[in-house]
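Got the structure loaded in your viewer? Here is a short tour, one selection at a time.

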Amino acid sequence: MSDESFISIKNISKHFGDVRACDDITFDIRRGEFFALLGPSGCGKTTLLRMLAGFETPTMGEIFIDGQPMAAIPPYERPVNMVFQSYAIFPHLSVAQNIGFGLRKDKLSKAEMDKKVDEALDLIAMAGYGGRGADELSGGQRQRVALARALIKKPKVLLLDEPLGALDKKLREQMQLELRDLQREVGITFVFVTHDQEEALTMSDRIAVMRDGKALEIDGPVDLYEKPKTPFCADFLGTMNFFEGSIDAIGGGEATVKTTEVGTIKSTGPNMNFSTGDAVSAAIRPENMKISFDKPTSGSFMEGKVRASAFLGDRAHVYINVEGRKDPVLTAMQNMGGAASRVGGDDHTVWLTWSDESVILLPQE
Amino acid sequence: MSDHMNETKNIMKKKKILPVGHFRGLGAWTFAFFIYLYVPIVVLVFYSFNSNRMVMNWEGFGISWYLKAFSNNNIQQAVLNSLIVATVATACATAIATIGALVLARGGSFKGKTLSLGLITLPLMVPEIVTAVAVLIFFSSIGMNLGLGNVIIAHITFCIPFAFMPIRARLEGMDTTLEQAARDLYATEWETFRFVTVPLLMPGIVAGAMLAFVISLDDFIITLMVGGAGSTTLPVYIYSMIRRGLTPEVNAISTVLLFFSIAIVTAYWIVSKKSQTKTVH
């Protein structure tokens, strides 16, 4: 056991009848890490979380937490606590009774119990709310109470199932930061499940991107976003323009891709471990494609016509039709000084430019 | 996200509720309907305060028939029998129904689950006279004669489905993640049951018990068949009184029974209201 493999998931599979919810997953989670399980619904992320909590038994494989095998340990003896998606606040108990629920077995005196509960209420900035009932709380408060309830026993791991899913957008953004701060404050390993890529990017130290019961890629948010290794991951985190083709030449940190739709694209970006002739996609993020109204004189570019633009306030998404390509190319521009309004109407001819560094080579699916 | 969408859907559904308030003449219909429902009962209660010997001949206000009814030893015995039967039958039926509901709602899937569910609720559909005859023949064929015991056993059988329905409904509507949360917070299966499942299930159990109690208290056909001499319950005794001639005493004792039932329902309503406000404060 080490801090590197504080939680160790080894060849975990979980089958529900013919469905393989988790299919031979192996990875480690570090001590004190804010770790996200990210993926679309049905990817097995919640099943994996529930196996960590002990609510599901793995069909195959083993889970270790802090060096201890979890197989024979029931949920109520595991050093983990969970924040449920619905928060699961006991409706028949007060806020203080909810928070103190995990302490019942500790044989504390009433004064000690009250003190611990008060500390927990302070932690979530809800001092004085102890006597309230569950029905009197707002969504954000319910979430805080669920957090305090799960943290009061200082578990080794806190599991969070879509913790912010039930909150509205403003509150969600605020809670993302608060959760992050809280995790640093208590120093407990947080493992959370989300289908929201923005949430995962904002809060986590590392993210496991999951699909079809497998963990595809595990990395920090910046690396996952900027150097994805799979087309799924590139597309799921943010958005991506894919130009399919094959490697024309490769070597010396440089590659040219002969695309089927828009001619050749040069890349000096990540993932250079391909050989000539390999089927690849040259992938470029929308924010890395800039719109130019004059024909560039140097660098990489392609010509297109504005098909439509979506104004999003702080930025705009502009869809550009490029000749020979079926789907429009998506670009994202900052609306600095009203730049979005100058893109012009439909069918306006523009040029798209990008730097070769931002072209990511990905295997084709 | 999907929860949110469901919520909006529900709100939209609510808005589409039939605007019955706009139907013309609905008020009059409703009024007529309530008259139809309650006039006989009002008449019954009214004449219970008649001081005349004849039921339908109003002479003056008096509570003499109540006093007479209360001092009637046979009525006292019948009331006592009714209460014993209803209490014991309710306790047993509710316990069995609770266990049954827990198994059917929480026991996962097992062979014969649907069949069990059907069998436990089937007595609701069986004509009471059939049950009565069947129980009577069964008891006499095995030679069982426990007096009031026979009546109690018979009552338990038909009370179970009535107690079962609200308990199961409550269980089905209960969020199972609450029980998972308890187990996650270091509560064993038994503690989870004791501290989370039972308190949350309590309104269902109370509702089921009340229903069973009222059904048992009210039962006539089965009790008449099964109950021998000495195990006469109140409804059976009232019937025998009527056969001997209608006096306001029958009205008086029926009125008492009526208000007793209303009292139970009110008590339940207050208790459930209180437990609701308790979770709010």
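**Stop one: the cysteines**

Start with Cys92 of chain B: its relative accessibility is 31%, so Cys92(B) counts as partly exposed. Keep in mind as you click around that this is a predicted model. Now add Cys159(B) to the selection, since it holds the cysteine sulfur closest to that of Cys92(B). The gap between the two sulfurs is 10 Å, too far for a bond, because a disulfide needs the sulfur atoms within 2.5 Å.

How many disulfides are there over all chains? The count comes to 0. For another free cysteine, hop over to Cys233(A), which is in no disulfide either. Its nearest cysteine sulfur belongs to Cys43(A), 12 Å away. Is Cys233(A) buried or exposed? With 0% relative accessibility, Cys233(A) counts as buried.

**Stop two: the sheet in chain A**

Stay in chain A and select β2, β1, β4 and β5: in that order, these 4 strands make an open sheet with antiparallel pairing. Which strands stand at the edges? They are β2 (19-29) and β5 (68-69) of chain A, and each has a single partner strand, so one side of each lacks a neighbour in the sheet.

Next, zoom in on β1 (residues 7-16) and β4 (residues 60-65) of chain A, an antiparallel pair joined over 5 bridges. To see where they line up, pick Ser13(A) and look across to Met60(A) in β4(A), which stands opposite.

Last, bring in helix α1, residues 45-53 of chain A, which packs on the sheet and touches β1, β2 and β4 of chain A. Compare directions here: that of the helix makes about 115° with that of β1(A).

How values were computed. Residues numbered from 1 in each chain as written. Chains lettered and ligands numbered in written order. Predicted model: local features only at pLDDT ≥ 70, side-chain atom pairs only at ≥ 80, totals over all residues. Heavy atoms only, no water. Pairing = 2+ DSSP bridges. Helix = DSSP H or I, 4+ residues; strand = E, 2+ residues; numbered from the N terminus. Contact = heavy atoms within 4.5 Å. Axes fitted to C-alpha atoms, helices over the stretch in contact; angles between N-to-C directions. Buried < 20%, exposed > 50% of the residue type's maximum accessible area, 1.4 Å probe, protein only.
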